[in-house]
Amino acid sequence: MTLRSMTGYGRAEGAIAGFDVTVEIRCYNHKQKDLRLRFPSGWLALEVAAEKFLRRHIARGRIECVLRSSIGSQIGKPRLDMSCARTYVELYRQLSCELHETPDETTDETPALSLELLAKANGVVVFGDAIDDLGSAQESLTQLLQQALD
């Protein structure tokens, strides 16, 4: 079903990727189709699916779609992957031993590793996404969008 012209509000609550979410859709009468979506940064992978769904189901109007989650403020924040960091430290130590055939004779230690270098290494600082199974999350989102439209 494609909605031609509407002014209204719909809301649906459910779960996506194991997190409680709320989807709100506001529609205003408008000649063209003007879509505005606001998703938390960790949910951006779902924005494209939401936009396609809404474009198929709403013919015209200004549409505002907001996805909120109780953990939304924690998604997308940087975190440390300590296992990855430890792996890099070991690799750097091995490299140091190979390049400097013997450790520093006065201290019997390998040269110090810069925290800046370690922090810049790929995978040490990661940004948390909430979505592991994108296909399942898209299905859940589609159901919530349909409920909000109904």
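In this predicted model, L80, M82 and V125 come together as a nonpolar surface patch of about 260 Å². L80 sits in strand β5, which covers residues 78-80. With a relative accessible area of 53%, L80 is exposed, since anything over 50% falls in that class.

Turning to charged contacts, a search of the whole structure turns up nine salt bridges. Side chains of opposite charge can pair when their charged atoms come close. R11 takes part in a couple of these contacts. Its side chain meets that of E13 at 2.6 Å, N to O, and that of E24 at 3.3 Å, N to O. The E24 pairing links strand β2 (residues 19-28) with strand β1 (residues 8-16), where R11 lies, so it ties together parts that are 13 residues apart in sequence. As for surroundings, E13 is exposed at 54% relative accessible area, R11 is partly exposed at 43%, and E24 is buried, at just 6%.

Helix α1 (residues 47-57) has a salt bridge of its own: the side chains of E51 and R55 meet at 3.1 Å, N to O. Because these two residues are four apart in the helix, about one helical turn separates E51 from R55. Both partners are partly exposed, E51 with a relative accessible area of 30% and R55 with 37%. Back with R11, salt bridges that share partners join this residue with E13, E24, R26 and R68 into one network.

Conventions: Residues are numbered from 1 along each chain as its sequence is written. This is a predicted model: local features need pLDDT of at least 70, side-chain atom pairs count only at pLDDT 80 or more; totals for chains, interfaces and linings use all residues. Side-chain values use heavy atoms; hydrogens and water are left out. Patches are made of residues with over 30% relative accessible area and no salt bridge: like charges are joined within 9 Å, nonpolar side chains (Val, Leu, Ile, Met, Phe, Trp, Tyr) within 5 Å. Accessible areas come from the Shrake-Rupley method with a 1.4 Å probe; for residues, only the protein chains shown count as cover. A salt bridge is a side-chain nitrogen of Lys or Arg within 4 Å of a carboxyl oxygen of Asp or Glu. Buried means under 20% relative accessible area, exposed over 50%, partly exposed in between (1.4 Å probe, protein chains only).
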